[in-house]
Amino acid sequence: MTAVDLSEIPAPTGELSVWPASTTRLPHGDLAVGGVSLTEVAERFDTPVYVLDEGEVRGRCRTYRDAFPDAEVLYAAKAFLSRAMARWVEEEGLGLDVCSAGELELAVTAGFPPERIVLHGNAKSPRDIEAALRLGVGRIVIDSPSEIARIAAAVGPDGRQKVMVRVVPGVSAGGHDKIRTGTEDQKFGLSPTDGSAQDAVARILGQPQLELTGLHCHIGSQITEVEPYLVAVRRMVGLLARIRDAHGVVLPELDMGGGHGIGYRPGEAALDLTALARGLRAELGEGCAAAGLSVPRLVIEPGRAVAGPAGVAVYRVLAVKHTGEKVFVAVDGGMSDNPRPALYGVRYAPRLIGRHSAAGARTATVVGRHCDAGDVLAADVELPGDVHPGDLLAVPVAGAYQLSMASGYNMVGRPPVVSVHEGTSRVLLRRETLDDFRSRDIGR
């Protein structure tokens, strides 16, 4: 794999502003990420392929640590998790939040300290709870009243487990209805309005096997404004004060979740992390002072904002079709490796790589290869007018909620993940093959 000199490479601007900071232009229209040519990645590992910039992941972890030096920062594993990702995150000083026994066991077997892991989930299975207790997770976030007795019983009379309560603060925020989780009309959390959050707190305090360390909330995903977080903090501090008044207990932790928005296309808004950190500290300090509370330790849970901008998806064009006034560019992946456009209507900015084009731009829709009319990766985007089968298209900001949500639709197989760093590349997750599908099919 050809290495690229990374010295004195400026951060991308303009049309490359949403690409990893290591991105640089190469001759013949190619791009390098992490010092590695994307065209050579496609030739070596075939397409579709996900490229993950290790340096970008680590840099974004450090940015969070610098912005929140006194807080606990947990990487949200649901965005993307592999053994290498767990190692990078742990080495950069972040904790981890997981949503299943599968995520938990993968992280722990990769060497992640279990005491730095938090288990979430609105419907935890017996296996989830058993794994969390067996492996010794730091905290379990209680999401429904029934979990209180179940977890206490599983802990046993001589054990003790730290827990938090997920609260619905009544704040609507996020880039799409399906990812707004801070209101009472969705499945997550317990409401202070109807008293279910307070009731859960009282029940937990009555369980000697459970140690209530704090409150948790998550108001949504792909949030690009600071104000919704500040509103949520005010409401959470109010609840902390009511708990103190009712039970004489001052909880030492407040987890404000994640959902930090990023730009997927040049010019799109992203959450200002510096402004968020400053606003949260000020709001938390002022609110606690007014309520006569000691300031709890802040916990935040970025996922997309760490992994998303570090990933690039590379596809090969299979067909170009003119239907009336529409131009469809079909590639060798689609909704089986990225269902987000079909689920949330998200927009990407694909780019031709591997050759220069003198043709003028034209509007085209990049579609996948699957048997579904909703299999659209990028609607109405500008591509060179001479794009043709065999061309390579690269899609930035592809590191989060793509491969982690991938499926086996049409038995195409999920793409590999190749990490790039300082001019070298290696496979983190291999390509899923027909043998993988056959090995699961044991019936006749």
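Hi everyone, let's start with helix α8, where the buried residues are Pro228, Tyr229, Leu230, Val231, Ala232, Val233, Met236, Val237, Leu239, Leu240, Ala241 and Ile243. Before I go on, please keep in mind that this is a predicted model.

What do those buried residues of α8 pack against? They meet α7 (196-205), β10 (210-216), β11 (253-255) and α9 (273-291). As a reminder on helices in general, an α-helix has 3.6 residues a turn, so residues three or four places apart point the same way.

We can also check the length of α8. The helix covers residues 227-247, which is 21 residues, so at 1.5 Å a residue we expect a span of 30 Å. Its end C-alpha atoms are indeed 30 Å apart, in agreement with that. Just after α8 comes Gly248, with a positive phi of about 70 degrees.

Now let's move to a sheet. Three strands, in the order β1-β2-β3, make an open sheet with antiparallel pairing. At its edges sit β1 (24-25) and β3 (36-37), each pairing on one side only. Between β2 (residues 31-33) and β3 there are two bridges, and Ala32 has Ser37 of β3 as its bridge partner.

My last stop is Asp391, in the loop between β17 (376-384) and β18 (392-396). Is Asp391 buried or exposed? Its relative accessibility is 4%, so Asp391 counts as buried, the cut-off being under 20%. Its side chain makes a polar contact of 2.8 Å with the side chain of Arg355. Leaving out residues up to four places away in sequence, Asp391 touches Tyr315, Arg316, Val317, Leu352, Arg355 and Asp386.

Thanks for listening!

Key: Residues are numbered from 1 along each chain as its sequence is written. This is a predicted model: local features need pLDDT of at least 70, side-chain atom pairs count only at pLDDT 80 or more; totals for chains, interfaces and linings use all residues. Side-chain values use heavy atoms; hydrogens and water are left out. Helices (H or I, at least four residues) and strands (E, at least two) are DSSP runs, numbered from the N terminus. The expected span of a helix is 1.5 Å times one less than its number of residues. Buried means under 20% relative accessible area, exposed over 50%, partly exposed in between (1.4 Å probe, protein chains only). Contact means heavy atoms within 4.5 Å. Two strands pair if DSSP finds at least two bridges between them. A polar contact is a pair of N or O atoms within 3.5 Å; within protein, one must be able to donate a hydrogen and the other to accept it, and residues adjacent in sequence count only if both atoms are side-chain atoms.
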